[in-house]
Amino acid sequence: MNVQNLTAFDPFADEGDPLAQNDSVGSQQDYIHIRIQQRNGRKTLTTLQGLPKEYDARKLLKAFKKEFACNGNLVDDEEAGQVIQLQGDQRIKISTFLVEEGIPKATIKIHGF
């Protein structure tokens, strides 16, 4: 009795893992993330993280607060680094502000409902 389909043939064995070659696949390091968080009731909080090192977060926070007429602060997070928090839903305003400052739109990710 000879069964042919039990042979150990792997059609992808010589190819290897195509995702192992590129270290940037799946990494979230290259993106600027703009998120919204629900506080209590109708209150929301907008967070901005992943800002490149060449931008000063304090100056951006000051510009955001003045431009959007909202309050905000800067939080140091162990995983995310410096995170800018703003009151209200400021996602679209932050995105257009950053694009006008020269950051490519493809590197900005907007999350939330």
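This dialogue explains how to read the fold, burial and core of a predicted model.

Visitor: What should be known about the model and its numbering beforehand?

Guide: This is a predicted model, in which local features need pLDDT of at least 70 and side-chain atom pairs count only at pLDDT 80 or more, while totals for chains, interfaces and linings use all residues. Residues are numbered from 1 along each chain as its sequence is written, and side-chain values use heavy atoms, with hydrogens and water left out.

Visitor: Which pattern does the protein chain follow along the sequence?

Guide: Helices (H or I, at least four residues) and strands (E, at least two) are DSSP runs, numbered from the N terminus. Here, two helices and five strands follow the pattern β-β-α-β-β-α-β.

Visitor: Is Thr47 buried or exposed?

Guide: Buried means under 20% relative accessible area, exposed over 50%, and partly exposed in between (1.4 Å probe, protein chains only). Thr47, in strand β2 (residues 44–49), has a relative accessible area of 7% and is therefore buried. Of the 113 residues in the protein chain, 25% are buried.

Visitor: Which residues have the most contacts inside the largest nonpolar core?

Guide: A nonpolar core is a set of buried Ala, Val, Leu, Ile, Met, Phe, Trp, Tyr and Cys residues joined through side-chain atoms within 4.5 Å. The largest has 17 residues, and those with the most contacts inside it are Leu48, Phe64, Ile84, Leu86, Ile94 and Leu98. Helix α1 provides its largest share, five residues.

Visitor: Which residues is Leu48 in contact with, beyond its neighbours within four places in sequence?

Guide: Contact means heavy atoms within 4.5 Å. The partners of Leu48 include Ile32, Phe64, Ile84, Ile94 and Leu98.
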